[in-house]
Amino acid sequence: MEEKSKLNDTLSAQYDESQPMSLRERKKRLAQATIEDAALRLFQQQGYEQTSIQDIADAVMMSSRTFFRYFASKEEVLFGPMRAILNDGLHFLERVAPTEPPHAALRATFVYLASLYQQQRASFLIRYQVAMQTPSVASIYLYALMETEPAMCEALCSHLEAATNRNEIRFLVAIYMTALRVALEEWLENEVQGDLISLLREYLDSFSSLSHQA
């Protein structure tokens, strides 16, 4: 199945949900960022499991009750941005033209996801390192990636004209998510300073070559 080379550029131009934020929302974002910075620092210094919500609250001079106004748990502090990016990818996928082939739509979507990760590399490097230091947290990290797959499958099947075989689409989404995961791990584990998008495209091109050889 041939992909359209300019699909990603077209969709990137179309996908713009920027809206002016209210003062209240800006204050909320600032408070969340302050909490995240303090929490990540503590996770690195003393470990995720050894850091309590009270520790985080104390670090930003607020009560634990106030902490819960912004985050439901430590897990949300650590993995919230990753889930937000995946949710952005889902919205991006839903804006693809219905006539696009599934491969082209997924490739554009996952390249878009890689671009979002790349914009926040320093933050995600810390989050990944913290997650990999604790087995129970590492499993949550992997699940956070996988839990978006059913929604992406549903979006493709309900939105794209060519997405008629649900089992094939489910398998295809899993392959693309695996490519993103492996590219992310290589990019973060080796502290690669290069382009995540290019790395992901290499994996996707390899998959495409294998498909054509089969």
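Hi everyone, this is a short tour of two cysteines and one helix pair. Please keep in mind that this is a predicted model, where local features need pLDDT of at least 70, side-chain atom pairs count only at pLDDT 80 or more, and totals for chains, interfaces and linings use all residues. Residues are numbered from 1 along each chain as its sequence is written, and side-chain values use heavy atoms, with hydrogens and water left out.

Let's start with the cysteines. How many disulfides does the structure hold? Zero, where a disulfide is a pair of cysteine sulfur atoms within 2.5 Å. Why is C153 not bonded to C157? Because the closest cysteine sulfur to that of C153, the one in C157, is 4.1 Å away, too far for a bond. C153 counts as buried because its relative accessibility is 7%; buried means under 20% relative accessible area, with a 1.4 Å probe and protein chains only. C157, at 17%, counts as buried too.

Now for the helices, which are DSSP runs of H or I with at least four residues, numbered from the N terminus. Helix α2, residues 23-46, packs against helix α7, residues 121-132, at about 40°, and their axes are 10 Å apart. Axes here are lines fitted to C-alpha atoms over the stretch in contact, and angles run from 0 to 180 degrees between N-to-C directions. That makes α2 oblique to α7, since angles under 35 degrees count as roughly parallel, over 145 as roughly antiparallel, 65 to 115 as roughly perpendicular and the rest as oblique.

Who makes the contact, meaning heavy atoms within 4.5 Å? From α2 we have E36, L40, F43 and Q44, and from α7 S123, I126, R127, Q129 and V130.

Conventions
Buried < 20%, exposed > 50% of the residue type's maximum accessible area, 1.4 Å probe, protein only. Helix = DSSP H or I, 4+ residues; strand = E, 2+ residues; numbered from the N terminus. Contact = heavy atoms within 4.5 Å.
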